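Welcome, and please have your viewer ready with the cartoon and side chains switched on. We will go from one selection to the next and look at what is there.

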Amino acid sequence: MPGPFSFLSRKKPTSLPFKDYYENWFNTLKNTLLPLLHQSLSSPSPSLLPFRRDLLLQHFLFYYDSLDQAAAVDVSQILFPSWRNSLETPFLFLGDLHPYLFTNLLRSFIDAANNDKTQNPESLDKPYQVLTAWINPPEKLILRIEQIECGLRLMVPPLISRVRKVQAAFIRKVAEKWDSNEGFKKKGIREAVKAEMEEMLDVLMGANRLRRSVIIEIVNAANVYQGALFLEGLAQFLVGFKDTALVGEFRRCKMMMMDINGGGTHWGF
């Protein structure tokens with residue numbers, strides 16, 4: 001189904017809607033690349049680990065390149081992704097995962113490894129380097145994470161500010177044309193929508209550049225085991241969104257809370 005502003009597309013639609021592309025991309029992630037990386041992380045021989053880590057990294061980066069290309073055709077389909085379920089929506093920022101999620105995920109791995117005092121690395125059926133990858137990480141890695149987080153705090157607010165300005169300009173332009181005759185009204189609204197979509201395309205691509213940059217910087221700052229574990233965790237996070245039991249439980253909890261509040265609460269999911 002075309003997006004609400006697909007009539008403004010600057011290019012001919014591709015033969016494969018992005019929803020279908022994402023399904024193929026996700027299936028490759030879940031059924032091929034993730035099991036291969038997990039296999040290498042469980043193997044006592046790390047010879048294939050760097051290669052399989054890089055395969056998964058490139059899979060993520062190629063996804064964001066494809067996201068940009070799809071947005072250039074119809075940015076509305078990316079801003080309002082129909083392929084995302086209610087469990088994923090709270091984690092989205094300008095059409096995809098919020099860049100803060102990447103560093104928060106990384107921090108969670110480090111915190112879990114250093115707060116779990118019951119783990120005995122020698123007794124578990126995984127390579128020692130994998131089990132101890134996040135224990136007492138080097139100061140250099142922690143410093144790099146802090147630098148990435150600082151960069152996010154500087155770069156995310158301007159993107160949010162740009163979105164607000166674009167929306168305000170759109171509302172103002174539409175309001176100005178609303179009292180015109182029918183022909184001028186339609187033309188004015190069409191021009192306002194086109195201007196907004198062009199601005200939003202630029203903002204969305206900026207967000208995708210930031211997402212790509214954060215993922216690359218984390219992998220580059222980590223050693224091969226840490227980088228592989230981070231990408232594995234990110235992939236598992238995405239796979240978890242498609243867990244039908246979890247999505248169903250989330251929806252049931254949402255409906256229960258709406259019933260408690262008399263059905264008048266808008267959750268924004």
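Leaving aside its neighbours within four places in sequence, which residues is Ser 66 in contact with? Before you select anything, note that this is a predicted model. Now pick Ser 66 and show what surrounds it: apart from residues within four places in sequence, its contacts are Phe 18 and Tyr 21. Ser 66 belongs to helix H2, residues 49-73. Its relative accessibility is 9%, so Ser 66 counts as buried, the cut-off being under 20%.

**The aromatic cluster**

Keep Phe 18 and Tyr 21 on screen, as both are members of one aromatic cluster. To see the rest of this cluster, add Tyr 22, Trp 25, Phe 26, Phe 60, Tyr 63, Tyr 64 and Trp 83.

The structure holds 14 aromatic pairs. One of them is Tyr 22 with Phe 26, a stacked pair with 6.3 Å from centre to centre and 25° between the planes. Colour helix H1, residues 18-42, and you will find both rings on it, four residues apart, or about one turn of the helix. Are these two buried or exposed? Tyr 22 counts as buried because its relative accessibility is 4%, and Phe 26 is buried too, with a relative accessible area of 7%.

For another geometry, select Phe 237 and Phe 241: this aromatic pair is edge-to-face, with 4.9 Å between centres and 80° between the planes. Phe 237 is partly exposed, at a relative accessible area of 24%, whereas Phe 241 counts as buried at 4% relative accessibility.

**Where H2 meets H8**

Next, return to H2 and show it together with helix H8, residues 224-240. At what angle do they pack? The angle is about 45°, and the axes are 10 Å apart. That angle makes H2 oblique to H8. Turn the view until one helix lies in front of the other, and look at the crossing, which is left-handed.

Now show the side chains where they meet:

- From H2, select Leu 49, Pro 50, Arg 53, Leu 56, Leu 57 and Phe 60.
- From H8, select Val 224, Tyr 225, Gly 227, Ala 228, Leu 231, Glu 232, Leu 234, Ala 235 and Leu 238.

Colour this contact by residue class, and you should find twelve nonpolar, one polar and two charged residues. Finish on Phe 60, which takes part in the contact with H8 and is also a member of the aromatic cluster you selected earlier.

Notes:
Residues numbered from 1 in each chain as written. Predicted model: local features only at pLDDT ≥ 70, side-chain atom pairs only at ≥ 80, totals over all residues. Heavy atoms only, no water. Helix = DSSP H or I, 4+ residues; strand = E, 2+ residues; numbered from the N terminus. Buried < 20%, exposed > 50% of the residue type's maximum accessible area, 1.4 Å probe, protein only. Contact = heavy atoms within 4.5 Å. Axes fitted to C-alpha atoms, helices over the stretch in contact; angles between N-to-C directions. Parallel < 35°, antiparallel > 145°, perpendicular 65-115°, else oblique. Left-handed = near helix turned anticlockwise from the far one by under 90°. Nonpolar A, V, L, I, M, F, W, Y, C, P; charged D, E, K, R; others polar. Phe/Tyr/Trp six-rings, centres within 6.5 Å; stacked < 30°, edge-to-face > 60°.
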